[in-house]
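Colleague: I would like to go through the terms used for this model and hear what backs each of them.
Modeller: Ask about them in turn.

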Amino acid sequence: MSGVAEGNSENQKRWKTLGKEVAVKIVSSDEKVAHGLVYIQEWTHPQRVKRSIQWGLIFLGIALFCVFIPILHFVLVPLFLLVAPVAAYSTYTREKVVLGGTGHCPKCLEVLPIEKSSVDWPIRDLCTRCQTAVQIFPADKAILNREYLLNRNQKGNRMNWSVFFATFTTIFIAELGDKTQFAAFAASAQSKSTVSVWLGTVVALAFAGTLGVLAGSFIGKYISPEKMKILSGGAFIVMGIWILFKKN
Ligand SMILES: [Zn+2]
């Protein structure tokens with residue numbers, strides 16, 4: 001037990017130097033209330049730019065290092081080249097984080113450690129002792145209101161992993177066996193410099209994709225979300241049917 005407590009106080013020291021202390025209310029599903037403290041670290045715009053460049057460079061470095069690993073480099077290099085911009089972007093958009101904290105379970109009154117999480121009130125947690133699900137709110141209602149408004153305004157442009165994976169899967173499947181891949185295949189068969197062909201293909205696809213995304217967000221400004229939904233949904237269905245039947 002003492003080991004846990006010591007570990008916590010050590011964490012708390014680290015959190016205190018990095019973040020600011022925010023009092024929280026811990027509310028159980030049956031409306032019982034307990035109190036706690038969390039530490040929130042915030043990054044200014046220049047700090048976010050610096051951090052995002054750092055993370056991008058770290059993953060580019062790893063990608064570069066992977067060039068020297070035989071065979072596996074075919075998977076690892078493109079993987080880390082993909083991870084680099086994603087990591088840079090998600091670091092850039094992350095303005096603050098709950099480093100962690102402690103409180104009490106409103107039901108069994110046991111100490112409730114609050115894990116590291118994004119600042120998205122209410123934070124959901126589970127008491128490990130009595131399995132009560134709790135919601136954590138800032139004790140100061142003004143903070144809650146301000147963050148709620150900020151979140152509502154910013155949510156549209158945040159990294160959304162389910163959207164990322166849905167798009168990745170759709171585009172990946174659409175590109176499999178597509179004319180682009182055959183063009184890359186042909187170029188690769190004709191040239192001895194596989195790396196050059198691969199890099200040329202990846203960069204060309206990245207630019208084509210960027211154009212597509214920019215055009216989509218531009219059109220999105222002039223067409224209502226409902227119409228856009230029908231339009232893009234229809235495009236996906238047409239593309240799916242086309243993929244199914246084009247091989248026959
Ligand atoms: Zn409990």
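Modeller: This is a predicted model. V134 touches I26, V27, S28, C105, P106, D125 and C127, leaving aside residues up to four places away in sequence.

Colleague: What makes V134 and C105 a contact?
Modeller: Contact requires C-beta atoms, placed from the backbone, within 7 Å. C105 is listed among the residues that V134 touches, so the pair meets that cut-off.

Colleague: Why is the set that holds V134 called a nonpolar core?
Modeller: The term covers buried residues of types such as Val, Ile, Leu and Cys, joined through C-beta atoms within 7 Å. The largest such core has 16 residues, and I26, V38, V98, C105, L112, V134 and I136 touch the most other members. These seven are Ile, Val, Cys or Leu, so their types fit the definition. Strands 1, 2, 3, 4 and 7 each supply at least two residues of this core, and strand 2 gives the most, with three.

Colleague: How do you know that strand 6 and strand 7 pair?
Modeller: Pairing needs at least two bridges. Strand 6 and strand 7 have four, in the antiparallel sense, so they qualify. In one of the bridges, R124 has Q135 in strand 7 as its partner. The two strands form a hairpin with six residues between them, and Q131 in the turn has a positive phi of about 60 degrees.

Colleague: Which side chains of strand 6 are buried?
Modeller: I123 and D125, which point to one face, are buried; R124 and L126 point to the other face and are not. Buried means 20 or more other C-beta atoms within 10 Å, so I123 and D125 reach that count, while R124 and L126 do not.

Notes: Residues numbered from 1 in each chain as written. Predicted model: local features only at pLDDT ≥ 70, side-chain atom pairs only at ≥ 80, totals over all residues. Buried ≥ 20, exposed ≤ 12 C-beta atoms within 10 Å, placed from the backbone. Contact = placed C-beta atoms within 7 Å.
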